[in-house]
Amino acid sequence: LQGSADNNFDWVSFLPVYAFGASVGVAAALAEPALIAVAVKAEEVSGGTVPAFGLRLAVALGAGAGVVVGTARIVLAVPLAIGIAYTIVALQTLAAPRPIVPIAYDSGGVTTSTVTVPVVAALGLGLASAIPGRNPLIDGFGLIAFTCLCPIMAVLAYATLADLIRRRGRRETHR
């Protein structure tokens, strides 16, 4: 990997790395046994209104997005601004349908379990080690935080959007 003298890299030249990171995040989350169990239980408890595969897909896409954000942060040497992500989660929590909030938070937690953490940590540590001037301990492990938070954001967004569509459909049938 070659960068300028100040170790700033052109983020576009890392598009294959971001794509690889996204695919690793999605695949690892989909294979996560704890997520499978939570999704099946959520579908069962919700009477089918929260489909297991839909929940798993939302979480997996969130995990993939989290890996991309974390990878871009490593490449660009941006400080870990986790407070911004938590602020987004807090605002989404206020707007989301109440029954989905605990499921969203649980989904974020179970995403960072036995399959995802080792794979994502290895990706982060390897990438941070390969880029001069990056600290594998700081940059590599910050990736896990985004891999946990982005699925929460994705599930809350998925539920909020589904709720808006459902309400809009109800309004149009009552006209």
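Here are four short exercises on a predicted model, each with a worked solution.

Residues are numbered from 1 along each chain as its sequence is written. In this predicted model, local features need pLDDT of at least 70, side-chain atom pairs count only at pLDDT 80 or more, and totals for chains, interfaces and linings use all residues, while side-chain values use heavy atoms, without hydrogens and water.

**Exercise 1. Confidence**

Find where confidence in the protein is highest and where it is lowest among the helices.

- Start with the whole protein. Its average pLDDT (the predictor's confidence in each residue, from 0 to 100) is 87. At least 70 is reached by 94% of the residues.
- Go to the helices. Helix H1 (residues 15–31) has the highest mean, 95. Helix H7 (residues 136–173) has the lowest, 86.
- Now check residues 1–6. Their pLDDT is below 50. Beyond near neighbours in sequence, this stretch has seven contacts (heavy atoms within 4.5 Å) in the model.
- Take care here. Where pLDDT is low, predicted coordinates should not be read in detail.

**Exercise 2. Overall build**

State how many helices and strands the protein has.

- Count the elements. There are seven helices and zero strands. Both are DSSP runs, numbered from the N terminus: helices are H or I with at least four residues, strands are E with at least two.
- Find the extent. The C-alpha atoms fill a box of roughly 65 × 35 × 25 Å along the principal axes.
- Look at the contacts with a separation of 6 or more. Residues 24 or more positions apart account for 80% of them.

**Exercise 3. One residue in H7**

Decide whether Thr147 is buried or exposed.

- Place the residue. Thr147 sits in helix H7.
- Recall the cut-offs. Buried means under 20% relative accessible area, exposed over 50%, and partly exposed in between (1.4 Å probe, protein chains only).
- Apply them. Thr147 is buried because its relative accessible area is 0%.
- List its partners. Leaving out residues up to four places away in sequence, Thr147 touches Ala63, Gly66, Val67, Thr111, Thr112, Thr116 and Val120.
- Set this in context. Of the 175 residues in the protein, 39% are buried.

**Exercise 4. Helices at the largest pocket**

Work out which helix gives the most residues to the lining of the largest pocket.

- Name the candidates. Helix H2 (33–45), helix H5 (100–111) and H7 each supply at least two lining residues.
- Pick the leader. H7 gives the most, with five residues.
- A pocket is an open set of points on a 1 Å grid over the protein atoms alone, where a 1.4 Å probe fits, with protein on both sides within 12 Å along at least five of seven lines; lining residues have an atom within 4 Å of a point.
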